[in-house]
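Reader: I've got this model open on my screen and I'd like a close look at the sheet and whatever is packed around it. Could you walk me through that part?

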Amino acid sequence: MKYLLDTNALIFSLCNPSGLSSTATKIITTEKDLSVSIVSLWEIAIKQAIGKLNIKSTIPEIEKICKERDIEILAISSDELEGVKNLSPVHKDPFDRLIVSQAQKRNCIIITSDKIIPEYDVETIW
């Protein structure tokens, strides 16, 4: 199985691991094929800049932690960007829409606590 951490799962795993579900914790600590989208790092940077997220780690530090934990950081392909256009407007968050498209194109299961993402044609776990 391939897993894609949503931004919320990444933040919990970095800052508050006890906030993860037991299933998410088990996957994040035992599975080998974990990834996170570069869009999650972008979302974190934006939320830090506007004061909506108080994480002390810088984006380069988060990137380093991901590499140390063997979490691959996925670039965004043009095919994944194109896939966003085909998603129904269920979710308004552009970051989550791109994460859904990436999961669909790469056949990943999304680790997320988001209640809207499961409405798409994508497998999720929390």
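Author: Let's start with β1 and β4: the two strands run parallel and are joined by three bridges. Within that pair, Leu4 sits opposite Ile110 of β4. Keep in mind that you're looking at a predicted model.

Zoom out a little and you'll find an open sheet of five strands, paired in parallel and ordered β3-β2-β1-β4-β5. The edges are β3 (71-74) and β5 (124-125), each pairing on one side only.

Now for the helices. α1 packs on the sheet and touches β1, β2 and β4, with its direction at about 75° to that of β1. α3 packs on the sheet as well, but its contacts are with β1, β2 and β3, and its direction makes about 50° with that of β2.

α3 has a helix partner too. The axes of α3 (residues 38-49) and α6 (residues 94-106) lie 10 Å apart, and the two helices pack at an angle of about 170°. Angles over 145 degrees count as roughly antiparallel, so that is how α3 is placed against α6. On the α3 side, the contact uses Val39, Ser40, Trp42, Glu43 and Ile46, while α6 brings Phe95, Leu98, Ile99 and Gln102. Sort the residues of this contact by type and you get six nonpolar, two polar and one charged.

What about the greasy parts? The largest nonpolar core has 21 residues, and those with the most contacts inside it are Tyr3, Leu5, Leu10, Leu34, Ile44 and Ile111. At least two residues of this core come from each of β1 (3-5), α1 (7-15), α2 (22-30), β2 (34-37), α3, α4 (59-68) and β4 (109-111). Tyr3 is a good one to click on: leaving out residues up to four places away in sequence, Tyr3 touches Ile27, Glu31, Asp33, Leu34, Ser35, Cys108, Ile109, Ile111 and Ile125. There's also a second, separate core, with 15 residues, including Leu98, Ala103, Ile110 and Val122. You've met two of those names already: Leu98 in the contact with α3, and Ile110 opposite Leu4.

One last stop is Arg106, which is found in helix α6. Arg106 has a relative accessible area of 25%, so it counts as partly exposed. Again skipping residues up to four places away in sequence, Arg106 touches Lys2, Leu74, Ala75 and Glu80. Pro17 is 89 residues from Arg106 along the chain, and their C-alpha atoms are separated by 26 Å.

Definitions and conventions. Residues numbered from 1 in each chain as written. Predicted model: local features only at pLDDT ≥ 70, side-chain atom pairs only at ≥ 80, totals over all residues. Heavy atoms only, no water. Axes fitted to C-alpha atoms, helices over the stretch in contact; angles between N-to-C directions. Helix = DSSP H or I, 4+ residues; strand = E, 2+ residues; numbered from the N terminus. Parallel < 35°, antiparallel > 145°, perpendicular 65-115°, else oblique. Contact = heavy atoms within 4.5 Å. Nonpolar A, V, L, I, M, F, W, Y, C, P; charged D, E, K, R; others polar. Core = buried A, V, L, I, M, F, W, Y, C linked by side-chain atoms within 4.5 Å. Buried < 20%, exposed > 50% of the residue type's maximum accessible area, 1.4 Å probe, protein only. Pairing = 2+ DSSP bridges.
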